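Trainee: Please choose a single part of this model and examine it closely. I should also like to see how it sits within its own chain and against its partner.

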Amino acid sequence: MSSSPSINAIELRGVTKRFATPSGGIHTALRDLDMEVAPGEFCAVVGPTGCGKSTTLTLVSGLEKASRGTVKVDGRPVTGVTPGVGFMFQTDAVFPWKSVLDNVAAGPRFRGAGRRKANDAARDWLRRVGLAGFEDRYPHQLSGGMRKRVALAQSLINEPRVLLMDEPFAALDVQTRSIMSDELLGLWEQTRPAVIFVTHDLEEAIALADKVIVLTAGPGRIKATFRIDLPRPRKAQEIRFTDAFVSLYSEIWEALRSEVETAYARSTAEVTT
Amino acid sequence: MAVHQPAVVAVDADEGSVRSRISGRVRRRILINVCRVALLGGALGGWELGVNTNHIDPFFWGQPSGIYKQLKTWITDGTPQGSLADQILVTLQEAVYGFLIGVSLGVVLGIALGRNRFLADLFSPFIKVANSIPRIVLGALFTVAFGFGLTSKVILAVVLVFFGVFFNAFQGTREVDRNLLSNARILGASRWQTTRQVVLPSAFTWILASLHISFGFALIGAVVGELLGADKGMGLLIRSAQNNFNANGVLAGMAVIGVIALVAEALITALENRLLRWRPPQMAGDAGV
Ligand SMILES: Nc1ncnc2c1ncn2[C@@H]1O[C@H](COP(=O)(O)OP(=O)(O)OP(=O)(O)O)[C@@H](O)[C@H]1O
Ligand SMILES: [Mg+2]
């Protein structure tokens, strides 16, 4: 945890990101985006498809550079991949040729830890995500939910101060997803990194986060920010039915709906023209 | 894909159905092998019959019984240039050296160029030209330059093996999942670690696919090198049979080389299955021809 709470864990100021499109044009994915996440804060980001949520995460992680504006992690401008940042990708990114144990131990091994030490830490994390006994499996021998747990352990073993999650549970069925949400909260409480959690699922966003940010239809910028003051520790399945949750849901959905409709109208217009 | 309890996947499928599936597979294997033997027997029998009924001239085309006799003579009395085992070993040594060197060069350069845009742009026109010329002709040059010994054959085999492996390694490097590369970077991998632990295993599927053809090329390189000029080896044996108008000798030499190629193929398949254990079975399955 950062010793000086005044410095934001993540800070984006006037960030614009443009891509060259295959047809030779320029596509603006983000325009003048401002966003901040305090140390230890859990921030969910929702927005219509294609509004630049994944792009925001790649900028914070240092995998891509902003076209304009500044991105800071722990007060320092991001110039490349930063050691204290973890990233769970939208699609499966565990290494298919490594066993579950080697996948989780990969981070410490890359960073120079000895095999023994890395394996011990990996076993500990596998236990924490509920995968003890699956050390020797290969990813294709696991269910989708188990692969997500491997990815989670793989990120958390590096003890990131900033954790970026790009729709990590989108591919899972509803029951598994709510189980994973609860487990994520439990693990997050242990090390308390600052989190940006991208999701399509508004319920999931409210159940998990301290703060929900709604982005506009692309180019993405902040439409509204909502504080979620529901008490912790939370249980995703139970919190859903409280009055506070329901009123937050309708309030945020009101902000999100018009953006989703805009994005939808745009995409159908593209198809028909 | 939806699994509600992790325990479900940990338990094996119903044992009885697994067993019946296995016995079904064994039965199919046996049937296929019986059919293969019948096909081979039919072809050889037809050939022999064709010779006996004067439809095929054995002077040009040989005949199965003659090939068999020739092989027997070589095995029991040796060949004019020493024992048959010696000839096989010489050719095998040339082919294996050429194969190993060619594969190593192909993998290293393929991955290096696949990972480095500048090198790729620099070398690509040269490699394309070198690949499109009929390289086997270089064998004549090598024989003159490096003599009748091992070196000229190994170099010819290397030249033949290199390109197939190189292009596959290059393509495999280019096709690595970008997500996996990003993940490795985030987890703290250096460029070299990424190459070793992400690019190489990922490109391995492509590289191994090229090895099957490559050993064949290595054998061709060794045998053609010997045909062009050698003092030992299967190529020389075939050459002297040809000089004596002994069609059965040429074909017997080819049969021996064929057996070598089959054994090598089986070894490479075993290696492939070992190295690609991580792949889901429907991808790693025996779809080989
Ligand atoms: N490398 C790229 N080159 C060109 N355009 C890109 C690139 N990456 C993203 N884009 C475009 O930028 C926009 C934002 O993409 P992004 O992946 O951030 O959306 P998203 O909000 O994550 O969408 P989803 O919810 O569907 O995952 C999209 O219109 C996309 O087409
Ligand atoms: Mg996305």
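Mentor: Contact means heavy atoms within 4.5 Å. In chain A, 70% of the contacts with a separation of 6 or more join residues 24 or more positions apart. The model is predicted: local features need pLDDT of at least 70, side-chain atom pairs count only at pLDDT 80 or more, and totals for chains, interfaces and linings use all residues, while side-chain values use heavy atoms and leave out hydrogens and water. Residues are numbered from 1 along each chain as its sequence is written, with chains lettered from A and ligands numbered from 1 in the order in which they are written.

The part I select is helix 2 of chain A, residues 100–110. Nine of its 11 residues are buried, so this helix is largely enclosed by the rest of the structure (buried: under 20% relative accessible area with a 1.4 Å probe, protein chains only). The buried residues are A:V100, A:L101, A:N103, A:V104, A:A105, A:A106, A:G107, A:P108 and A:F110. Within chain A they pack against helix 3 (115–128) and helix 4 (144–156); from chain B, helix 9 (178–187) and helix 10 (191–228) also take part in the packing. Just after helix 2 of chain A, A:G112 adopts a positive phi of about 100°.

The surrounding chain A contains eight helices and 10 strands (DSSP runs numbered from the N terminus: H or I of at least four residues for helices, E of at least two for strands). Its radius of gyration is 19 Å, close to the 19 Å that the globule rule gives for 273 residues, so chain A is as compact as a globular protein of that length (C-alpha atoms; the rule is 2.2 Å times the number of residues to the power 0.38). Its C-alpha atoms fill a box of roughly 55 × 45 × 45 Å along the principal axes, and 54% of its residues count as buried.

Chain B, which supplies helix 9 and helix 10 to the packing, has 13 helices and zero strands. The radius of gyration of chain B is 24 Å, well over the 19 Å given by the globule rule for 289 residues, so chain B is more spread out than a compact globule. Its C-alpha trace spans about 70 × 60 × 30 Å along the principal axes. Buried residues make up 37% of chain B. Of its contacts between residues at least 6 apart in sequence, 74% join residues at least 24 apart.

Conventions:
Buried < 20%, exposed > 50% of the residue type's maximum accessible area, 1.4 Å probe, protein only.
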